[in-house]
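Let's take a look at this one together, going from a few single residues out to the whole chain. Have the structure open as you read.

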Amino acid sequence: AAKLENSEKSLTFAAQLLLDNLRGVEQPEIKSWLAGESKKLFEKALELDPGNDSLKVGLGSTYIFGAPAGDPQVVMKGIQQVLEVSRRDSSNIYAQKMLGIGGIVSGQYDKAVERLEKVARSTPHDLEVLLMLAEGYERLGKKDKATDWYKHAAEHVENPALKTELNKRIQQLR
């Protein structure tokens with residue numbers, strides 16, 4: 001429907017919806033399809049508004065999260081696209097968030113936690129950011145910081161099962 005309507009708003013909505021769903025998919029065929037469709041929609045929206053940084057970040061994110069089996073070259077292509085926006089506007093929280101998450105995905109934990117801390121200061125209730133920040137510190141071997149961020153994330157969780165899992169993780173790190 002978004003392709004038929006061909007408005008920036010509908011294309012962006014559909015592209016973002018596919019991108020959001022892409023991030024939770026493990027099956028390579030579905031992941032590839034979602035990434036491809038999201039990419040096409042972001043590209044079409046960019047044709048209508050070539051200066052839109054959010055669209056550029058979204059397009060780069062499709063490469064980061066849609067890379068086949070974590071293909072580092074594809075992930076880096078996406079990170080480079082998002083970096084272009086970040087270099088031009090270092091206060092772009094969406095770009096910082098995607099670079100932080102991309103850093104976790106690509107194993108660049110030092111840079112990832114630095115960016116995610118900036119995002120967490122700006123959006124302190126973003127559960128995804130809090131969890132990724134905790135994971136980044138955990139992968140760096142900084143258990144105290146990881147524990148602090150997992151605790152902070154647990155404060156914002158309503159789901160009892162998820163809260164229980166976070167508390168278990170905190171106990172494991174101690």
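## A buried glutamine

Gln96 sits at 2% relative accessibility, so it counts as buried, the cut-off being under 20%. Bear in mind that this is a predicted model. On the chain, you'll find Gln96 in helix 6, which covers residues 93–106.

What does the side chain of Gln96 do in there? One polar contact goes to the side chain of Ser86, at 2.8 Å. Another polar contact, at 2.9 Å, goes to the side chain of Arg115. Setting aside neighbours within four places in sequence, the residues in contact with Gln96 are Ser86, Ser90, Arg115, Lys118 and Val119.

## The serine on the other end

Now flip the view to Ser86, which belongs to helix 5 (residues 72–88). Is Ser86 buried or exposed? With a relative accessible area of 6%, Ser86 falls under the 20% limit, so it is buried.

Seen from here, the 2.8 Å polar contact joins the side chain of Ser86 to that of Gln96. Beyond four places in sequence, Ser86 is in contact with Ala95, Gln96, Leu99 and Arg115. Arg115 turns up again here: it is in the contact list of Ser86, and its side chain has the polar contact with Gln96.

## The loop between helices 5 and 6

Ser91 is placed in the loop that links helix 5 and helix 6. Its relative accessible area is 53%, over the 50% mark, so Ser91 is exposed. The side chain of Ser91 still has a partner: a polar contact of 2.6 Å joins it to the side chain of Asp89.

For a sense of distance, take Ser91 and Ala134: their C-alpha atoms lie 22 Å apart, with the two positions 43 residues apart in sequence terms.

## Phe42 and its neighbours

Over in helix 3 (residues 28–48) you'll meet Phe42. At a relative accessible area of 1%, Phe42 is buried. Which residues are in contact with Phe42, leaving aside those within four places in sequence? They are Ala15, Gln16, Leu19, Leu55, Gly58, Leu59 and Thr62.

Two of those, Ala15 and Gln16, have numbers that fall within helix 2, given as residues 8–22. Glu8 offers a distance check: its C-alpha atom is 9.0 Å from that of Phe42, although the two are 34 residues apart along the chain.

## Towards the N terminus

Ala14 is part of helix 2. Its relative accessibility comes to 18%, which is under 20%, so Ala14 counts as buried. Not counting residues up to four places away in sequence, Ala14 touches Ala2 and Leu41. If you want a long-range pair, Ala14 and Arg121 are 107 residues apart in sequence, and their C-alpha atoms are 29 Å apart in space.

Ala1 lies in the segment before helix 1 (2–5). With 86% relative accessibility against a threshold of over 50%, Ala1 counts as exposed. From Ala1 to Val129 is 128 residues along the chain, and their C-alpha atoms are separated by 31 Å.

## Zooming out

How many helices and strands does the protein chain have? The tally is 10 helices and 0 strands. Read from the N terminus, the order of elements is α-α-α-α-α-α-α-α-α-α. The chain's radius of gyration is 17 Å, close to the 16 Å given by the globule rule for 174 residues, so the chain is as compact as a globular protein of that length. Measured out along its principal axes, the C-alpha trace spans about 55 × 35 × 30 Å.Of the 174 residues in the chain, 43% are buried. As for contacts with a separation of 6 or more, 47% of them come from residues 24 or more positions apart.

## Surface and charge

The protein chain exposes about 9500 Å², and carbon and sulfur atoms supply 52% of that area. On the charge side, there are 25 positive and 25 negative side chains, and the centres of these two sets lie 3 Å apart.

How values were computed. Residues numbered from 1 in each chain as written. Predicted model: local features only at pLDDT ≥ 70, side-chain atom pairs only at ≥ 80, totals over all residues. Heavy atoms only, no water. Helix = DSSP H or I, 4+ residues; strand = E, 2+ residues; numbered from the N terminus. Rg over C-alpha atoms; globule rule 2.2 N^0.38 Å. Buried < 20%, exposed > 50% of the residue type's maximum accessible area, 1.4 Å probe, protein only. Contact = heavy atoms within 4.5 Å. Areas by Shrake-Rupley, 256 points an atom, 1.4 Å probe, with all protein chains shown as cover. Lys, Arg positive; Asp, Glu negative; His and termini not counted. Charge placed at Lys NZ, Arg CZ, Asp CG, Glu CD. Polar contact = N/O pair within 3.5 Å; in protein donor to acceptor, adjacent residues only side chain to side chain.
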